[in-house]
Amino acid sequence: MAMVDLTICVHELSPKVTKADLTTFFSYCGTIDDIELKGNGVESQSARVTFKQPYAQQIALLLNNVTILDRQVRILPEKDDTAKTQEQTESMATEQSVVQALRSRGYQMLKRANEVVGNAGSTFVTTGALWLSGVFDKASTSTAQLAVKTNNIKKGREADIETTNPRKGK
């Protein structure tokens with residue numbers, strides 16, 4: 001049974017980044033098995049982070065181009081950690097520009113959808129508020145009518161009691 005490599009490589013790390021910083025950052029992805037920090041600590045560093053669960057590696061790979069401390073870093077699977085050719089670099093730049101365009105377009109579409117739903121939602125809220133207002137109006141009217149009837153019944157009972165017991169009033 002072949003062992004699955006769950007190691008990622010983190011490139012372009014700030015020289016200020018420590019092993020503790022990486023542990024804290026990547027621990028949100030899953031359980032870390034090992035971290036190797038490489039570099040002279042002057043210009044930039046790189047690191048190899050090995051996880052215990054496959055999902056942790058996959059989550060970490062989604063964090064490519066995030067900022068750790070003060071620098072944007074590249075996060076790649078270890079098996080892809082080879083020097084990129086010019087064509088691959090251009091392809092990555094094109095992919096990133098497409099992703100940026102989609103992100104921008106997606107944001108615009110989401111904003112428009114919120115406007116449409118917001119306006120429709122406002123109409124539904126207004127309609128609902130009017131309906132609820134009508135319900136409360138009917139309820140208060142019914143309560144008032146019931147109170148008048150209850151009061152009349154009480155008065156009728158008191159009148160009946162006074163006519164049957166004339167000494168109570170004197």
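The protein has three helices and six strands. The model is a predicted one. Along the sequence, the elements follow the pattern β-α-β-β-α-β-β-β-α. Of the 170 residues in the protein, 18% are buried. The exposed surface amounts to about 12,900 Å². Carbon and sulfur atoms supply 58% of that surface. Among contacts with a separation of 6 or more, 61% join residues 24 or more positions apart.

Four strands form an open sheet in the order 2-3-1-6, with antiparallel pairing. Strand 2 and strand 6 (74-77) occupy the edges. Each has a single partner strand, so one side of each is left without a neighbour in the sheet. On average, neighbouring strands of this sheet are turned by 20° against each other, direction ignored. Helix 1 packs on the sheet and touches strand 1, strand 2, strand 3 and strand 6. The direction of helix 1 makes about 140° with that of strand 2. Helix 2 lies across strand 1, strand 3 and strand 6. With strand 6, helix 2 makes an angle of about 145°.

Strand 1 pairs with both strand 3 and strand 6. The pairing with strand 3 is antiparallel and runs over five bridges. Here C9 has R48 of strand 3 as its bridge partner. The pairing with strand 6 is also antiparallel and spans four bridges. On this side, I8 stands opposite P77, and V10 stands opposite I75. Strand 1 is mostly covered, with six of its seven residues buried.

The largest nonpolar core contains 17 residues. Those touching the most other members are I8, V10, L13, L22, F26, V49 and F51. Five elements each supply at least two residues of this core: strand 1 (7-13), helix 1 (19-26), strand 2 (32-39), strand 3 (45-51) and helix 2 (54-61). I8 and V10 thus recur, as core members and as residues placed opposite P77 and I75 in strand 6. V49 illustrates the contacts of one core residue. Residues up to four places away in sequence aside, V49 touches L6, T7, I8, V10, F26, I32, D34 and I35. Three of the names in that list, I8, V10 and F26, also belong to the group of core residues that touch the most other members.

V73 lies outside the strands, in the loop between strand 5 (71-72) and strand 6. With a relative accessibility of 0%, V73 counts as buried, because the cut-off for burial is under 20%. Neighbours within four places in sequence aside, V73 is in contact with V10, H11, E12, L13, N64, N65, V66 and I68. Among these partners, V10 and L13 are members of the largest nonpolar core. V73 and L63 are 10 residues apart in sequence. Their C-alpha atoms are 8.9 Å apart in space.

How values were computed. Residues numbered from 1 in each chain as written. Predicted model: local features only at pLDDT ≥ 70, side-chain atom pairs only at ≥ 80, totals over all residues. Heavy atoms only, no water. Core = buried A, V, L, I, M, F, W, Y, C linked by side-chain atoms within 4.5 Å. Buried < 20%, exposed > 50% of the residue type's maximum accessible area, 1.4 Å probe, protein only. Contact = heavy atoms within 4.5 Å. Pairing = 2+ DSSP bridges. Axes fitted to C-alpha atoms, helices over the stretch in contact; angles between N-to-C directions. Areas by Shrake-Rupley, 256 points an atom, 1.4 Å probe, with all protein chains shown as cover.
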